[in-house]
Amino acid sequence: MKKLTFENIANFFLKNFFQGLVIIGPIGLTMFVIWYVVTSIDNIIPSVAKEIPGLVFISTIVFTAILGYLGNKFVVGRFFFDAMDRLLEKTPGVKHIYTPTKDVMSSFVGDKKKFNDPVWVKTNEHPEIWRIGFLTQKEMADVEKHNYVAVYLPHSYAISGWVIVTEEKNIKPVVGMTAASAMKFAVSGGVAGFHSDDNIFKAPE
C-alpha cells in the first residue's frame, strides 16, 4: 500500500479532476451553445419570450422548415425565392454579403452540399506528407489550370480552413470513412472519427 503523501493526494485529485473536465466539458459547452442560440432567437420578441419561453425559437424553426418545403415543392414558391435570390445577388453592397453567405451555407447543407467528397491530399513529397480534405472543384480548366483540382482543408479545433489548388495526381479518395467521419477526423486533430466512435478519452493510469 502506497504511503499517503501530499503529492500522491494531489496527483490523485488532479487525475480525476481532469477526467471530470473531459466528461463535463463537451456536455457543458453543448448545453451552453444550445441555450445561447435559443435565448438569442427568443429575445427577438422579448415580450413573447417573457410570457412563453421558447415559443419564438420553435416558431422560427417551424417557419424556416415551411419556407424550405415551399421553396422546393411548389413552382410558385420556387419562382418567388429564385426571383428574390437574383435580386439580392445583383443589389450593390448587399450582394457582397448575401452571395458568400449563401455559398457557405449551401456547402454544408441542402441539395448542393460540397463537403461530401473526402480525399487524401499529398502536400509534401520528401518526406511524403498527406492531409485530409474535401474535393470542391473537380476541374479548374476555366482558370487555365488543366488537370488541377480544388481541395478544402479544414483546420483542427476551428471552424476555419483553407483552399489549395493541386494536380489531380496528388489526391486519392478516402476509403473507409464517410464524409462526416472525415470532417470529424480533421477538426478533432485526428483523434476521432477514424476506426469508430468509441470513447477515446481514458483516465491515465
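This report describes the fold, the first helix and the strand region of a predicted model.

Local features are taken only where pLDDT is at least 70 and side-chain atom pairs only at pLDDT 80 or more, while totals for chains, interfaces and linings use all residues. Residues are numbered from 1 along each chain as its sequence is written, and side-chain values use heavy atoms, with hydrogens and water left out.

## Overall fold

The protein chain has six helices and five strands. Both are DSSP runs, numbered from the N terminus: helices are H or I with at least four residues, and strands are E with at least two. Along the sequence the order is α-α-α-α-α-β-β-β-β-β-α. Of the 205 residues in the protein chain, 18% are buried. Buried stands for under 20% relative accessible area, exposed for over 50%, and partly exposed for values in between, with a 1.4 Å probe and protein chains only. Among contacts with a separation of 6 or more, 32% involve residues 24 or more positions apart; a contact means heavy atoms within 4.5 Å.

## Helix H1 and the annotated spans

An unreviewed UniProt entry carries the annotation "transmembrane region" for residues 12-37 and 52-70. UniProt positions are given in the numbering used here, feature names are shortened, and such annotations may be inferred rather than shown by experiment. In the model, residues 12-37 are 100% helix and 0% strand, with end C-alpha atoms 38 Å apart. Residues 52-70 are 84% helix and 0% strand, and there the end C-alpha atoms are 28 Å apart.

Helix H1 covers residues 6-42. The expected span of a helix is 1.5 Å times one less than its number of residues. For the 37 residues of H1 this gives 54 Å, which agrees with the 50 Å between its end C-alpha atoms. H1 bends by about 35° at Ile24, and Pro26 follows within four residues. The bend at a residue is the angle between axes fitted to the seven residues ending there and the seven starting there.

At the N-terminal end, Thr5 caps H1 through a side-chain oxygen that lies 3.2 Å from the backbone nitrogen of Asn8. The buried residues of H1 are Gln19, Ile41 and Asp42.

## The S3-S4 hairpin

Strands S3 (residues 148-154) and S4 (residues 161-167) run antiparallel and are joined by seven bridges. Two strands pair if DSSP finds at least two bridges between them. Within this pairing, Val151 stands opposite Ile164 in S4. Six residues lie between the two strands of the hairpin, where Tyr157 takes a positive phi near 55°.

Leu153, in strand S3, counts as buried because its relative accessibility is 0%. Not counting residues up to four places away in sequence, Leu153 touches Val121, Arg131, Ile132, Gly133, Gly161, Trp162 and Ile164. Leu153 and Leu135 are 18 residues apart in sequence, and their C-alpha atoms are 9.1 Å apart in space.

## Buried polar residues

Lys122 lies in strand S1 (residues 118-124), and Asn170 lies in the loop between S4 and strand S5 (171-173). Lys122 is buried because its relative accessible area is 19%; Asn170 is buried because its value is 15%. Leaving aside neighbours within four places in sequence, Lys122 is in contact with Glu128, Ile129, Trp130 and Asn170. On the same basis, Asn170 is in contact with Trp120, Val121, Lys122 and Trp130.

The side chain of Asn170 also makes a polar contact of 2.9 Å with the side chain of Thr166. A polar contact is a pair of N or O atoms within 3.5 Å; within protein, one must be able to donate a hydrogen and the other to accept it, and residues adjacent in sequence count only if both atoms are side-chain atoms.

## Backbone features in the loops

Pro127 sits in the loop between S1 and strand S2 (129-137). The peptide bond from His126 to Pro127 is cis, with omega near -5°. The loop between S2 and S3 holds Glu144 and also Asn147. Neither Glu144 nor Asn147 is a glycine, and their positive phi values are listed with their accessibility.

| Residue | Phi | Relative accessible area |
|---|---|---|
| Glu144 | about 65° | 61%, exposed |
| Asn147 | near 65° | 57%, exposed |
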